[in-house]
Amino acid sequence: MIAPGETIGILGGGQLGRMIAIAAARLGYRCHIYAPEPDSIAAEVSAAFTCAAWDDAEALAKFAADCAVVTYEFENVPVAPLAALGDVPLLPNTRALETAQDRLSEKRFVTELGGTPAPFVPVDSPEDLKAAIAAIGAPGILKTRRDGYDGKGQWRIMSPGDAEGLDLPVQALIYEGFVTFFAEFSVIVCRAANGEVRFYESALNVHEQGILATSTVPTPQEILWQIPEARALAAKVAEALDYVGVLTLEFFATENGPVFNEMAPRVHNSGHWTIEGALSCQFENHVRAICGLPLGDPGLVTRGAVMRNLIGDDAHDWAGILSDPANHLHLYGKAAARPGRKMGHVTRLVLD
Ligand code: AMP
């Protein structure tokens, strides 16, 4: 067990790191943030900050020397340089990172475990794309295998003609069949080192322009029947990876059951409602798991909750939001609002 008072290292300096650090501080841990960007909103609420490149072995080794355990809030951390962490445990492990960093390896891995993703084919050239569209059909979505997030690095192909003249990036791609779904939901599971798993209520997730807009719990009646299969897959993924911490799988709810979309080896935006809406939130349970403490109860505190992201520079009526006792406002302290940037969120608990 890593005792309160010790230091948790967090790779990545964004809002997820910030919320992990806040939960860790509540349990008496110090946090040390490692991020390449100098303006880290996670470092603002942490005891120490190393601002260095992902491949700076010396900085990573020095950072590790201050930490009892290291975790990450960002899944695109390059894996090879992490060898510089030496004997300090990295949880979740590098296998989880490697698997989730590449949409192709992620989909193959989940398929081997019995999950159902959209049909997919790797694409490395315009010829591959033609062949992929011929094999899978259109509509479909072409995605970069790595580094995509919030709908970035994606092209919708409505008909085979759309592939003509596409200015493809010089990187590995994947073509996926378009899934007809009636809802999107996520499974957030926390796994302890002893193999115990605990699931949060699955949120119904609504995306706007590829970015999560709202997450609502409890799970609506019409998708409840998909949850056992989706949870069983999440548990298999966690076990196969010997995963420790919070893991998220995103699904499309289809007439034929859950179709796997993607996984995130970390706490997730669709679990922000758990801060006020669950007995132990995703951030605290992640800290408990990586520190070897008993897991907390993920059960709902009230009849339900709706989390709404605050995105870009939309004007908000802060006084109005705060004057309603059902609302819980979280602002991440980001300096400048850019279109599509997540600035904060509001969780509205169902109190009546
Ligand atoms: P992703 O970054 O892969 O999660 O994609 C962002 C959003 O695009 C998803 O949440 C879906 O709303 C939509 N999307 C992605 N892949 C597919 C697909 N194969 N079929 C239908 N919609 C998709």
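User: Let me get the terms straight: buried means under 20% relative accessible area, exposed over 50%, and partly exposed in between (1.4 Å probe, protein chains only). With that, is Trp54 buried or exposed?

Analyst: Trp54 has 16% relative accessibility, so it counts as buried. Bear in mind that this is a predicted model, where local features need pLDDT of at least 70 and side-chain atom pairs count only at pLDDT 80 or more, while totals for chains, interfaces and linings use all residues. Residues are numbered from 1 along each chain as its sequence is written, and side-chain values use heavy atoms, with hydrogens and water left out.

User: How many aromatic pairs are there?

Analyst: The structure has 7. Rings of Phe, Tyr and Trp (its six-membered ring) pair if their centres lie within 6.5 Å; planes under 30 degrees apart are stacked, over 60 edge-to-face, and the rest tilted. For Trp54 and Phe74, the ring centres are 6.0 Å apart and the planes sit at 15 degrees, so this pair is stacked.

User: Which parts of the chain does that pair link?

Analyst: Distant ones, 20 residues apart: Trp54 is in the loop between strand S3 (48-51) and helix H2 (57-65), and Phe74 is in the loop between strand S4 (69-72) and helix H3 (94-101). Helices (H or I, at least four residues) and strands (E, at least two) are DSSP runs, numbered from the N terminus. Phe74 is partly exposed, because its relative accessibility is 30%. Ring pairs also join Trp54 and Phe74 with Tyr34 and Phe63 in a cluster.

User: Switching to the ligand. Which residues come nearest?

Analyst: Lys143, Glu176, Val179, Glu184 and Glu262, out of 16 around the ligand. Near here means having a heavy atom within 4 Å.

User: How about atom-level detail, say for Lys143?

Analyst: Lys143 has a polar side-chain atom 2.7 Å from a ligand oxygen, and Glu184 has one 2.6 Å from a ligand oxygen. Val179 uses its backbone instead, with an N or O atom 2.9 Å from a ligand nitrogen. The protein covers 95% of the 480 Å² of accessible area that the ligand has on its own, by the Shrake-Rupley method with a 1.4 Å probe.

User: What does the shell around the ligand divide into?

Analyst: It has 5 nonpolar, 5 polar and 6 charged residues. Nonpolar covers Ala, Val, Leu, Ile, Met, Phe, Trp, Tyr, Cys and Pro, charged covers Asp, Glu, Lys and Arg, and the others, Gly among them, are polar. Strands S6 (140-144), S7 (154-157), S8 (173-177) and S14 (257-264) each supply at least two shell residues.

User: And which domains give residues to that shell?

Analyst: Domain 2 (119-177) and domain 3 (183-350) both do, so the ligand lies between them. Their centres, taken over C-alpha atoms, are 29 Å apart. Domain 1 spans 7-90, and the bounds come from an automatic or database domain assignment.

User: Last one: which residues of helix H4 are buried?

Analyst: In H4 (residues 103-112) they are Arg103, Leu104, Glu106, Lys107, Phe109 and Val110. Asp102 caps its N-terminal end, with a side-chain oxygen 2.9 Å from the backbone nitrogen of Leu104. Just after H4, Gly114 has a positive phi of about 100 degrees.

How values were computed: Polar contact = N/O pair within 3.5 Å; in protein donor to acceptor, adjacent residues only side chain to side chain.
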